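I opened this model to jot down what catches my eye. Notes follow in the order I looked things up.

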Amino acid sequence: MTDFDWLFFTEVLVGGLLSGIMYSLVAIGFVLINKTSGVLNFAQGAMLLFAALTFVSLTERGISFPLAFAITFAIMVVIGIAVERTVLRPLTNKPPITLFMATLGLSYVIEGAAQLIWGTQVHGLDLGIEDVPFDVGGVYISQFDIFAAIVAASMVLLLSVFFRYTRIGLGFRAVADDQFAALAVGLRLPWIWATVWAAAGLVALVAGLLWGARVGVQFSLSLIVLKALPVLVLGGFDSILGAIVSGLLMGASEKLAEVYIGEYFGGGIEGWFAYVIALAFLLVRPSGLLGQKLVERV
């Protein structure tokens with residue numbers, strides 16, 4: 001143990017935690033929809049792709065960053081509300097598998113629309129932050145990772161404040177706890193659902209820009225949702241805090257596993273190690289770390 005490189009360990013750990021925050025941001029998009037409507041929105045990845053592709057296409061046409069962001073956000077709000085009203089609202093009270101299949105089909109529709117409107121070519125996305133190492137006490141951390149983590153953490157904080165202290169946020173929490181009780185006290189569920197879908201669109205936009213700047217804006221970007229699934233299993237499908245905590249845990253564990261035990265499995269375990277953790281945890285606590293405990297009705 002005397003030869004153990006603690007600086008390198010810290011560097012890997014911090015890099016994993018910073019990546020984990022970005023996983024959390026994607027997972028929160030799932031949680032927002034699932035808490036209010038009980039739907040696992042598999043179209044979140046397609047929304048992320050559409051947002052990133054729309055933004056970069058607008059900037060390539062000479063539109064300024066702030067205006068392109070505002071236009072893309074408005075488009076994502078419209079898409080979110082349209083999805084809620086035309087697809088999910090008519091399927092209210094249908095079995096969960098029906099709703100899941102609807103969002104799965106919707107993801108292909110959104111991807112097809114993105115291809116039809118913006119084309120299939122790969123785009124580079126420059127947010128003005130260089131991906132160069134930054135020395136912090138001998139630990140080298142990517143400047144872009146720090147920037148992405150700050151943006152993601154700010155978004156998480158903003159959403160937490162919004163849903164905890166605003167009137168709409170309190171309505172969201174009431175609907176999440178009990179839809180029938182919320183209806184009984186006069187809350188308008190369609191308005192709450194529309195707001196939540198708009199928030200999910202904003203999350204998709206921010207996550208799309210961060211991931212697009214890292215890996216390029218291409219159609220494989222929609223597969224980022226696969227990184228969020230084990231985070232959801234570990235943290236709980238209905239817990240924003242759980243998504244944050246589990247994202248950090250998953251990000252750190254997969255990086256450390258790749259570096260320290262990856263050679264024993266032939267390398268490349270970073271892509272699937274999180275699923276092993278999620279599966280093992282699912283067998284012990286199906287509701288996740290901070291998710292609502294499942295109660296069997298007699």
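**Helix H4 and its neighbours**

I started with what the buried residues of H4 pack against: helix H2 (44-60) and helix H3 (65-88). One reminder to self before going on: this is a predicted model.

Next I listed which residues of H4 are buried, and got Leu-99, Ala-102, Thr-103, Leu-106, Ser-107, Ile-110, Glu-111, Ala-114 and Trp-118. I noticed that Glu-111 is on that list.

Then I checked the length of H4, which covers residues 96-118. Its 23 residues should span 33 Å at 1.5 Å a residue, and the end C-alpha atoms are 33 Å apart, so the two values agree. Just after H4 I found Gly-119, with a positive phi near 90°.

**The hairpin**

I moved on to the strands. S1 (residues 133-136) and S2 (residues 139-142) run antiparallel, and I counted four bridges joining them. Which residue of S2 is the bridge partner of Pro-133? I found Ser-142 there. Further along, Asp-135 stands opposite Tyr-140 of S2.

The hairpin has two residues between its strands, and I looked up the phi of Gly-137: positive, near 60°.

**Glu-254**

Is Glu-254 buried or exposed? I read a relative accessibility of 1%, and buried means under 20%, so Glu-254 counts as buried. I placed this glutamate in helix H10, which takes in residues 240-260.

For company, I leave out residues up to four places away in sequence; Glu-254 then touches Tyr-23, Lys-227, Glu-270, Phe-273 and Ala-274. With Tyr-23 there is also a polar contact between the side chains, at 2.4 Å.

**The whole chain**

Last, I zoomed out. I tallied eleven helices and two strands in the protein chain. Read from the N terminus, the order is α-α-α-α-β-β-α-α-α-α-α-α-α. The radius of gyration is 20 Å, close to the 19 Å that the globule rule gives for 298 residues, so the chain is as compact as a globular protein of that length.

I also noted the C-alpha trace, which spans about 65 × 60 × 35 Å along its principal axes. Of the 298 residues, 46% are buried. For contacts with a separation of 6 or more, I get 72% from residues 24 or more positions apart. My final entry is the surface: the chain exposes about 14,900 Å², with carbon and sulfur atoms supplying 67% of that area.

Terms used. Residues are numbered from 1 along each chain as its sequence is written. This is a predicted model: local features need pLDDT of at least 70, side-chain atom pairs count only at pLDDT 80 or more; totals for chains, interfaces and linings use all residues. Side-chain values use heavy atoms; hydrogens and water are left out. Buried means under 20% relative accessible area, exposed over 50%, partly exposed in between (1.4 Å probe, protein chains only). A polar contact is a pair of N or O atoms within 3.5 Å; within protein, one must be able to donate a hydrogen and the other to accept it, and residues adjacent in sequence count only if both atoms are side-chain atoms. Contact means heavy atoms within 4.5 Å. The expected span of a helix is 1.5 Å times one less than its number of residues. Two strands pair if DSSP finds at least two bridges between them. The radius of gyration is taken over C-alpha atoms; the globule rule is 2.2 Å times the number of residues to the power 0.38. Accessible areas come from the Shrake-Rupley method with a 1.4 Å probe; for residues, only the protein chains shown count as cover.
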